[in-house]
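Notebook open, coffee poured. I want to go through the sheets, then the ligand site, then a couple of backbone oddities.

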Amino acid sequence: MPESAIVVGGGLAGLAAASALAERSWHVTLLESRRRLGGRASSFRDSRTHTMVDNCQHVAMGCCTSFFDFCRKVGLDQTFRRQRTLYFVSPPSASRPYVCRFRSFPLPAPLHLVPSLLGLRFLSIADRCAVVRGLQRLARTPPDVPEQPFSEWLAQCGQPRKAIEFFWKVVLVSALSESLDRISVRYARQVIVQGFLASRRSWEMIIPSVPLDELYDDRVRAWFRRRGVMTRLMARVHRIRERAGRIERLELAGGERLQADHYILAVPYWAAGPLLPEGTRRELDRRGSLSLQSAPIASIHLWFDRPITRLPHAVLVGRLSQWVFIRPTEATAGGPFASGHSPSWRRLHGEASRAAKSPLFYCQVIVSQARELVRWPKNELIRLVVQELADVWPTVQQAQLVHSRVIVEHRAVFSPLPGVDVRRPPQQTGLPNLHLAGDWTQTGWPSTMEGAVRSGYLAAESVLRAAGRTERVLPPDPPPAWLSQMMFADSAALRPLGPPLVSEQR
Ligand SMILES: Cc1cc2nc3c(=O)[nH]c(=O)nc-3n(C[C@H](O)[C@H](O)[C@H](O)COP(=O)(O)OP(=O)(O)OC[C@H]3O[C@@H](n4cnc5c(N)ncnc54)[C@H](O)[C@@H]3O)c2cc1C
């Protein structure tokens, strides 16, 4: 008889855990409270354009080894495109906007990006040199550096104001979705070292070429079917019951009871508390795990009647709009798009509706750490963002904005505050057959798809260990490039804050 496990939560953490156990011939049931898998990495059907739109553009980096391991395993690896050039648009202070291309040069890591860094013309030469010095110093900082806000660290290093505003903030706020005073040095270091310095391709940006739902709902569900994972959607777990020091059963919202040998709870920290048995909840509460802080991300979805740029994406430096992603869309102004509208809407946007079958040009603007925007009227936000785009690309002034939408995810990611690591729980709980997964558990990674997949793999390792089979599920991190190791003397300085540092794994 194969051993059985129930995984609660169909986000990336739950999917990774279920896939790892299914591969090892476990009998797995996956319970998800919504109609689809993918959790926070999801899409929705926009009722006006009849197109699938991601709740927010999700990007991975070349250093996301576990995430790509998962994608390869479930057959998603052909559905991403790699961006080997990043396009930085100069800040508003420049008399005319210009683009700085950021790419690898044929030099060994960590020198491969130095020419691009020195080519960021919107920084003075002194500021660019200060950035390079800052990067070097950060790489030499040991991974277990004392907890401190990154803004303090930058001040101690004497980083100039513009270097902070136009480089550190641009890179780290979009990577961690927090302000620099709410990012710990450890996490800033992790992004810079793992992402930019450790190896030549770790910084490359990898973008899904299909909607997130197609990846994590359709395709993963099909893989699960082939592997015998029973996926139950709209199955909300109401309670996890303990008896005699073990989990005895789960209760669904409708009253149904389910049993298995092991249980993995892969829901976000704010949803875990009410489900857990009293003792485990108290333990996590004491540690502060159930009251982590979150940061919001806003995405502004815009459909224009014509192309506004030929770039595939752009990093807007020193503006409210941080990233712009251009996505091909099948929506047309006179096609299915026009048919769904009221006469008053069509009168308002008459010209676009009459333009029979003209394709719409879709772009998505991302504002990470969007705390200030949460209360803004959506129209005002759209107006400001469109104005910023028009400042960069004059075509926007002639283009008609045919449709727009704002989505604010209030609890998009957990805040990587100083001290957050001690509050993140290990995957094994105090009960031998209850395990935790989720980007908020101890992985050493920030709240990302990579962090979520790592947590799922670690939870699967925890299950296997509890079942008497010590097995590694997490793929090993590739070693840093030889020159990076030499330049930073001690390769431990380049090592990520990964699970080996998690002392509490039982
Ligand atoms: C706007 C936004 C932008 C982001 N951008 C990026 C990015 O560019 N790159 C990146 O790497 N990461 C990004 N992230 C972060 C990334 O999406 C998350 O870190 C990751 O998806 C978290 O996965 P998870 O499985 O831990 O949690 P979740 O995705 O939250 O999954 C938890 C699941 O549990 C289910 N659930 C909850 N309660 C119950 C219950 N009682 N019973 C059954 N099921 C339940 C939920 O419905 C959900 O599906 C972004 C997140 C957001 C919101």
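**Entry 1: the parallel sheet.** I started with strand β1 (residues 4–8), which runs parallel to strand β14 (residues 262–265) and is joined to β14 by four bridges. Looking for a specific pair, I found that Val7 has Ile264 in β14 as its bridge partner. This is a predicted model, by the way, so I'm reading everything below as such.

Next I wanted the whole sheet around that pair. Five strands make up an open sheet in the order β10-β2-β1-β14-β20, with parallel pairing. At the edges sit β10 (230–232) and β20 (434–436), each pairing on one side only. I also checked the twist: neighbouring strands here are turned by 20° against each other on average, direction ignored. Then I asked what α1 touches on this sheet. It packs there with contacts to β1, β2 (27–31) and β14, and its direction makes about 165° with that of β2.

**Entry 2: the mixed sheet.** The other open sheet I looked up has seven strands in the order β8-β7-β16-β17-β18-β15-β19, and its pairing is mixed. Its edge strands are β8 (99–103) and β19 (401–414), and each of them pairs on one side only. Neighbouring strands in this one are turned by 25° against each other on average, again ignoring direction.

I zoomed in on one pairing. Strand β17 (residues 323–327) and strand β18 (residues 361–368) run antiparallel and are joined by five bridges. Within that pairing, Val324 has Val365 of β18 as its bridge partner. Helix α6 (residues 161–176) packs on this sheet, touching β7 (85–89), β16 (313–316), β17, β18 and β19. The direction of α6 makes about 95° with that of β18.

**Entry 3: the ligand.** Which residues come nearest to the ligand? Out of 34 residues around it, I noted Glu32, Arg40, His58, Asp439 and Met449. By class, the shell has 17 nonpolar, 11 polar and six charged residues. I also checked which elements feed it: α1 (12–23), β19 and α17 (449–466) each supply at least two shell residues. So β19 turns up twice in my notes, as an edge strand of the seven-stranded sheet and as a supplier of the ligand shell.

Then I went through some polar distances:
- A ligand oxygen lies 2.7 Å from an N or O atom in the side chain of Asp439.
- An oxygen atom of the ligand is 2.9 Å from a polar backbone atom of Ala13.
- A nitrogen atom of the ligand is 3.2 Å from a polar backbone atom of Ser33.

How much of the ligand does the protein bury? Taken alone, the ligand exposes 1,000 Å², and 94% of that is buried by the protein.

**Entry 4: a hairpin and an odd phi.** Strand β3 (residues 43–46) and strand β4 (residues 51–54) run antiparallel, with four bridges joining them. Asp46 has Thr51 in β4 as its bridge partner. The hairpin has four residues between the strands. I flagged His50 in the loop between β3 and β4, as its phi is positive at about 55° although His50 is not a glycine.

**Entry 5: a cis peptide.** Last lookup of the day. The peptide bond from Ala109 to Pro110 is cis, with omega near 10°. I placed Pro110 in the loop between β8 and α3 (114–118).

How values were computed: Residues numbered from 1 in each chain as written. Predicted model: local features only at pLDDT ≥ 70, side-chain atom pairs only at ≥ 80, totals over all residues. Heavy atoms only, no water. Pairing = 2+ DSSP bridges. Axes fitted to C-alpha atoms, helices over the stretch in contact; angles between N-to-C directions. Contact = heavy atoms within 4.5 Å. Near = heavy atom within 4 Å. Polar contact = N/O pair within 3.5 Å; in protein donor to acceptor, adjacent residues only side chain to side chain. Areas by Shrake-Rupley, 256 points an atom, 1.4 Å probe, with all protein chains shown as cover. Nonpolar A, V, L, I, M, F, W, Y, C, P; charged D, E, K, R; others polar.
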